[in-house]
Amino acid sequence: MSQSRLFVQLSVGLVLIAAGVGASCPIELSPSSVVVRYGDPVLVNCTTTVSHDGMGWEASQGGIGNMEVDHLAWKVENLTEWDISAFCFINRKDSDQCMKDLNIVVYTFPEKIKINSTGESNGMMVEGEEYNITCEIPKIAPVQNLTVKWYKRDRIIEPDILEIIEPNHLKNTKQPVKLLSTFPFTPTRKDSGTRFRCEAQMDLSPVGPHFNVSSQEFSVTVVFGPDVQCSNLIELMENESLEENCNITGNPTPSVKWLKDEQLFNSTTPMRRENAGMYTLEANGWSSVQKNIQVHVLYGPELNCPSIYIAEEHTPHNLTCTVEGFPEPDTVWYKDDEVVELPKTLLRDDAGHYLITASNNQSNVNATVEIIVHYQPSEIFELQDIQVHLGSTVELKCSSSGNPRPTYSWNYYQTDNVMEENEDGVSRLEIHSATAYNMGSYTCHARNNKGSISKTIRVTVIGAEQECPLEITPNPMVLEYRSRAQGATCRSTSTISTNVQRMYWEGEESDNMTWFANTNEDWGMTPVCTASFRGIGKCNKSLNFTLYKKPDSVSIYHVDRLSYVEEGEQFQLRCDIVSVAPAQNLTVLWYKNQDILEETDCQLENNKTCKLSDVRSPVNVSATINVNLQRKDGEAEFRCEARLNLRLNPLPTTTSSTLKITVLYKPKINTTKLPKEIPVFRGYSEELVCEADGNPIPKIQWHYNPESHVNVSKGKLTVSEPGIYNCTASNDVGSASHVVEVILKDKLGKTHCQLENNKTCKFSDVRPPVNVSATINVSLQRNNSGAEFRCEALLDTGSNTHQNTTSSTLNITVLYKPKINTTKLPKEIPVFRGYPEELVCEADGNPIPKIKWDYNPESHVNVSKGNLTVYGPGIYNCTASNDVGSASYEVKVILKEDYLPLIAGFVAVTVVAISTIFVFIYSIYYKNTKMRRYSLKNPKFSAHNGNVAHSNGDLQFPMTRLSKQYICA
């Protein structure tokens with residue numbers, strides 16, 4: 001805060017305190033304060049409302065004496081006293097005099113003020129030197145109300161010094177003074193052109209006016225330099241100029257010269273890399289400056305490398321890359337994104353694409369070099385022994401790293417399903433739908449101008465056997481004994497001639513590939529064709545050759561030479577076959593009538609089975625069969641047939657003549673016509689028919705009570721009384737008996753007849769023959785099903801004999817609704833977890849009822865023939881229905897846990913534990929009580945005293961107890 005502002009504030013405070021002193025005096029001044037320009041008039045009224053002895057004004061100019069008035073004005077026409085004071089007073093009647101001071105301010109304010117500096121009058125200043133800028137304010141009062149403001153451009157700044165010049169440093173005076181405000185200033189080049197001004201302000205409020213006056217602007221010009229704004233080392237880019245990189249400033253503007261090697265150099269010239277060097281800078285302005293500067297011209301790296309470089313493996317190389325740039329670039333080699341150092345001698349692993357980067361602080365560049373290293377093919381990899389399933393596809397891959405890239409060739413048995421493909425330095429063999437012909441060795445050869453390498457592997461086809469690619473035509477070859485000779489030709493199945501290395505028939509001296517058979521003597525011949533193939537090696541194939549001979553004769557007979565057999569009795573037939581070959585292919589077929597009875601093998605004369613014989617020439621063989629005939633076979637015809645199974649169509653066969661065998665069997669009575677129980681109605685007779693089947697034809701004989709009333713005619717027995725009757729049928733083979741019980745039964749009922757007019761017969765007077773009828777009501781139960789009814793018309797003439805006529809039998813079937821068998825299907829059935837349970841629903845009914853199960857659709861069940869298999873709990877309903885009605889039955893299945901396996905396991909563990917404990921205890925007991933240690937030295941016979949070994953009464957063997965020294969650990 002300035003000293004002038006502080007002085008004004010203190011003065012105003014003193015005036016207010018003075019005003020408060022007279023606050024209790026009953027005087028009113030109007031106005032209470034006045035601000036008057038020096039020399040101007042002033043008027044102030046003094047008024048009181050109390051009685052007094054007089055009032056007046058006391059002032060150094062214009063004072064008024066004591067007057068007895070209530071209103072008194074103080075008036076000065078021309079106020080010229082700077083330190084004037086005035087007050088109004090009254091003389092009270094009851095007290096002392098009181099007064100009130102008038103606050104008077106006399107002022108003057110200049111019309112203009114002046115700004116100046118201690119520097120040049122034109123405002124020129126030297127950068128960095130100290131100057132004072134002054135503001136001169138002439139004749140101003142009161143100084144306490146003065147404020148001086150400084151402006152730099154349009155921004156207010158505070159001065160450091162406010163000094164009263166006239167009167168000499170009088171600060172508290174009310175008289176006019178001359179002031180000087182000083183602003184110390186040290187200019188910089190940025191201040192050049194800056195405008196300063198000062199402003200004087202006097203504030204006389206709240207009573208007086210506010211005054212403001214400003215000086216003219218004072219402009220500053222700052223001189224400096226030359227200032228060279230660059231270091232002793234300049235680094236610039238090509239095409240940039242020295243002028244752009246070295247800023248030289250000054251006021252006045254300096255003149256600049258650049259010298260290189262004492263030669264003038266144009267600083268605006270674009271710099272080239274060859275312009276780098278030491279330069280001298282001379283600048284002249286306010287002062288002179290000379291400076292030596294080292295100039296570096298910066299430019300990015302320039303890299304030059306061959307795009308492709310070919311080297312021999314294990315041979316020193318001369319691959320070089322040139323690089324230029326400033327600062328000197330750093331060069332780095334990369335391979336596969338990794339930093340590497342290129343070795344002096346290159347190997348195959350060093351081949352590839354290299355990225356070379358050259359970089360400095362200006363830029364970076366890169367170049368790509370492909371290094372090709374030539375070397376011979378390396379070991380073949382990815383080709384191993386392989387197994388492939390029959391019909392599957394497999395790929396053989398042969399690859400070798402070599403440079404130049406190797407070429408590939410394969411050595412194998414070539415087939416149509418193998419495709420060869422070379423791509424991207426890899427050779428592939430693709431085997432489609434592998435067959436037995438794809439089994440064998442496969443050799444891959446890799447070659448380039450540096451060398452070669454090969455590898456052989458084996459392909460195994462799982463599910464197939466090694467096939468020899470030979471074909472014999474015809475095969476098999478079947479020729480009849482003493483027939484015209486034929487030839488068999490052997491050839492390769494491959495259409496590729498290079499697959500075959502050699503082919504021949506074993507045992508043949510010539511290379512003729514057709515073999516001819518001798519049909520008179522080649523009985524055991526097995527011709528073999530052999531060949532050598534690429535990839536497969538040596539293999540052969542045999543000709544399935546058969547020389548056959550049909551039998552001279554085939555005969556069949558009963559081994560006991562009989563033409564008949566008894567029913568159920570086993571007998572043997574034999575078939576003799578003379579001079580047949582080969583017996584290994586012979587099958588004997590047995591025929592009974594027109595049907596094949598059996599197919600059997602044959603036997604040689606030494607009882608060896610034909611199939612096991614190694615004899616291929618003609619032999620005599622035989623075959624037997626055991627037969628058991630029944631009565632239905634009657635007179636059977638048998639024959640045997642010798643058949644050679646030789647892949648001929650038709651097969652060579654020879655058949656025997658027919659052998660007839662008659663079957664004898666004991667009688668069998670027909671019980672259908674003769675049931676065990678036959679009813680006879682009282683007064684009526686019944687015919688018992690006894691028929692029997694047998695060979696020879698059986699004889700029929702009845703046995704009964706001699707007192708019975710019977711008639712026998714041709715094996716038939718007519719009875720009218722109850723009793724036991726036995727029928728016996730017999731022949732040479734045996735006999736059969738059948739007992740029949742005749743039961744006497746009464747009639748169901750006796751009724752009267754009715755005429756056609758519904759009139760009872762007894763009340764009719766008609767005597768000639770008439771048609772009549774009778775009815776009866778009957779109730780049947782299910783156990784009466786199949787009951788037989790007949791009616792008998794009995795004509796009672798009054799004599800001892802009756803005339804009767806019986807109708808034919810009427811069979812009545814009883815229909816009844818189903819009834820479920822609850823014995824097999826209880827109401828509640830348990831099922832154990834994990835075990836199924838079968839629910840059996842059976843029902844009796846006529847017609848036969850249909851069974852249906854109803855259950856939860858989510859239940860796990862199986863239904864089969866009316867039975868229901870369940871696996872879990874639930875409610876299951878069985879319904880049996882027929883045309884008469886239906887019946888239902890509900891079953892509840894309850895789930896139970898099966899603890900039997902757990903109990904069985906616990907019992908087993910317990911038994912094992914007890915057995916283990918018993919064995920352990922017994923071993924301790926036996927060791928302590930039964931075992932002894934004995935020596936055979938000095939044996940003596942004695943009684944049972946512990947020195948003799950005993951064994952259940954055997955001879956005692958004397959022994960001596962061992963001392964510890966004889967006991968082996």
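User: Which residues is Val621 in contact with, leaving aside its neighbours within four places in sequence?

Analyst: Cys575, Asp576, Ile577, Val580, Ala583, Leu586, Cys602, Gln603, Leu604 and Cys610. They count as contacts because the term asks for heavy atoms within 4.5 Å. Keep in mind that this is a predicted model: local features need pLDDT of at least 70 and side-chain atom pairs count only at pLDDT 80 or more, while totals for chains, interfaces and linings use all residues. Residues are numbered from 1 along each chain as its sequence is written, and side-chain values use heavy atoms, with hydrogens and water left out.

User: What makes the set around Val621 a nonpolar core?

Analyst: The term covers buried Ala, Val, Leu, Ile, Met, Phe, Trp, Tyr and Cys residues joined through side-chain atoms within 4.5 Å. The largest such set has 33 residues, and Val621 is among those with the most contacts inside it, along with Leu573, Ile577, Trp590, Leu629 and Phe638. Strands (DSSP E runs of at least two residues, numbered from the N terminus) feed into it: strand 49 (570–580), strand 53 (619–628) and strand 54 (635–644) are among those supplying at least two residues each. A second, separate core of 31 residues includes Trp150, Val177, Val222 and Val223.

User: Why is Gly885 called buried or exposed?

Analyst: Buried means under 20% relative accessible area, exposed over 50%, and partly exposed in between, with a 1.4 Å probe and protein chains only. Gly885 has 19%, so it's buried. Gly885 sits in the loop between strand 76 (874–881) and strand 77 (886–896), and is in contact with Lys817, Pro818 and Ala880, leaving aside neighbours within four places in sequence.

User: And why do Arg153 and Arg561 get their labels?

Analyst: Arg153 is at 39%, so it counts as partly exposed; Arg561 is at 62%, so it counts as exposed. Each has a positive phi: near 60 degrees for Arg153 and about 60 degrees for Arg561. Most residues other than glycine have a negative phi.

User: What makes the bond from Ala581 to Pro582 cis?

Analyst: Its omega is near -10 degrees. Pro582 lies in the loop between strand 49 and strand 50. The bond from Phe326 to Pro327 is cis too, with omega near 0 degrees.

User: How do you know how the protein stands against a compact globule?

Analyst: Its radius of gyration is 77 Å, but a compact globule of 969 residues would have one near 30 Å. The radius is taken over C-alpha atoms, and the globule rule is 2.2 Å times the number of residues to the power 0.38. So the protein doesn't match that rule. Its C-alpha trace spans about 210 × 120 × 105 Å along its principal axes.

Conventions: Helices (H or I, at least four residues) and strands (E, at least two) are DSSP runs, numbered from the N terminus.
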